[in-house]
Amino acid sequence: MNPVWRTNPAPLCPACLSQLESGPLVKLDLPIASFPTTRDYGTATLTLRPCAVCGHYFQENPDPDVLHLIYSTIYRESPLGPDDYLAQLYRRPFLDFFEAWTAADEPGLKLLEIGCGEPNLLLPFAERGFRCVGLDPSPPAAETLLRHENISIVPGYVEDLEIQDHFDVIIMRFCLEHMRDIGRAVYSCFSLLLPGGRLFIQVPNNEFYMEHRPPLFAALEHIHYFTRPSLEALLARKGFVALAAAGDGGPNLMGLYRRGPDWAKKQKAFLETEARLEADLKSFFISHPRPILYGYGATFIWLKSRFDLPRHCGQVIDDTASFHGKPAAGADLTIKPLDEAEPTADSPFLLCLNPMYHDEVQRRIEAHFPGASVFAITRAGVHRLGPRPLIGSRHGP
Ligand SMILES: [Zn+2]
């Protein structure tokens, strides 16, 4: 059979990772400066690719020279100050959202705003007791005089950041849509947050613009155009759990996310536990060469994958009647009911069962074979179960 080669695989949506089929492109000739400037910087073409699955639009190949010109030169002439009426229309809803989802009594928590712009925009958080760090590559951010002792500024981009510190809260207001690699940016937030830390995001709502079509819904410095599904897909695949949302139906989307579990760390711990358990069992089989394995299930099958069971196992017991008389795969033995077990000093019981059954099974073993030793496999290792107290077991109230 001939292999099928795909020389040009379809590109993926940067938000939801769906394969992009050919869809209608948005092409616009836009002035490079989106507000009046002292000189004319001309125009450039903006081309947006759509994702039919999550509604995301994005610039596939933004021109780095145009972006550099906008950020390093044109933004110095930005007419929107922090107290500007138009800016307040966007800032007030965010502050309301933030206040609704943070307790008033959390002084001393560490907060990072990525792309903070004018540093004094951090004042509402500093005044609530947050110790604020603002990150921004633009010269005005570093040059502005700070008005609060709880605010400090770090110049730069989050992708290149070498902060050893970790944060309780990260904020990105109208910042993510400017970033080229949104997956990397969101994963940087994951790495910078403390376990259980929270991420607040505000981005323009592409769905609103698609429906209402006001002029100038696009800008050359906006690389990504989010919808609620595209924002949620991106955050979920970078390990965040959505906690709250606001702004849907309006011109900007807000979302609050909790940093989910660190799966890489959990997986490492899981493998370490498994290796420790294997070492523990090796020693157990040396001191107890022919144990009675109790329970034919997932733990037994795991043991089979790690040990030479015909050499290490004396008998196999299970309570399921339909298993009796059938071979225990890989152990060269037949599965028997408990009353046919033959425990000796060298053949104690080894429970290969979910710990939730340990109590009940130990009770049954002691009823059949008083004084028999019973060992169990748990995540802490292989250990002997102590004798069950007589009072309260059979003759309880
Ligand atoms: Zn998508």
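In strand 8, Leu 199 is the bridge partner of Ile 170. The chain gets from strand 7 to strand 8 by way of helix 5, and this β-α-β crossover is right-handed. The model described here is predicted.

**Strand 7 and its partners**

Strand 7 and strand 8 are joined by six bridges, in the parallel sense. Strand 7 also pairs with strand 4 (residues 110–114), again parallel, over three bridges. In that pairing, Glu 113 stands opposite Ile 171 of strand 7. Pairing of this kind has a common basis: strands of a sheet pair through backbone hydrogen bonds, either parallel or antiparallel.

How much of strand 7 is covered? Six of its seven residues are buried, so the strand is mostly covered.

Arg 173 belongs to this strand, which spans residues 167–173. Is Arg 173 buried or exposed? Arg 173 is buried, because 22 other C-beta atoms lie within 10 Å, and the cut-off for a buried residue is 20 or more. Which residues does Arg 173 touch? Leaving aside residues up to four places away in sequence, Arg 173 touches Phe 94 and Gln 202. Gln 202 is 29 residues from Arg 173 along the chain, yet their C-alpha atoms are separated by 4.7 Å.

**Helix 7**

Helix 7 covers residues 228–237, and its buried residues are Ser 230, Leu 231, Glu 232, Ala 233, Leu 234 and Leu 235. What do these buried residues pack against? They pack against helix 5 (182–192), strand 8 (193–204), strand 10 (240–246) and strand 11 (252–259). Helix 5 and strand 8 appear here again; they are also part of the crossover from strand 7. Just after helix 7 comes Gly 239, with a positive phi of about 90°.

**The seven-stranded sheet**

Another part of the chain forms an open sheet. Seven strands make it up, in the order 14-15-13-12-16-17-18, and the pairing is mixed. Strand 14 (327–328) and strand 18 (381–384) are the edge strands, each pairing on one side only.

Strand 13 (residues 315–317) and strand 15 (residues 333–336) run parallel and are joined by two bridges. Within this pair, Val 316 stands opposite Ile 335 of strand 15.

Helix 8 (residues 263–287) lies across strand 17 (374–378) and strand 18. Its direction makes an angle of about 45° with strand 18.

**Positive phi outside glycine**

Most residues other than glycine have a negative phi. Leu 17 and Asp 332 are worth checking in the backbone for this reason. Leu 17 has a positive phi near 70°, and Asp 332 has one of about 60°.

| Residue | Phi | C-beta neighbours within 10 Å |
|---|---|---|
| Leu 17 | near 70° | 14 C-beta atoms |
| Asp 332 | about 60° | 12 C-beta atoms |

Where is Leu 17 found? Leu 17 is in the segment before strand 1 (26–31). Leu 17 counts as partly exposed because its C-beta neighbours inside 10 Å number 14. Asp 332 sits in the loop between strand 14 and strand 15. Is Asp 332 buried or exposed? Asp 332 is exposed, because 12 other C-beta atoms lie within 10 Å and the cut-off for an exposed residue is 12 or fewer.

Notes. Residues numbered from 1 in each chain as written. Predicted model: local features only at pLDDT ≥ 70, side-chain atom pairs only at ≥ 80, totals over all residues. Helix = DSSP H or I, 4+ residues; strand = E, 2+ residues; numbered from the N terminus. Contact = placed C-beta atoms within 7 Å. Pairing = 2+ DSSP bridges. Axes fitted to C-alpha atoms, helices over the stretch in contact; angles between N-to-C directions. Right-handed = clockwise from strand over helix to strand, strands pointing away.
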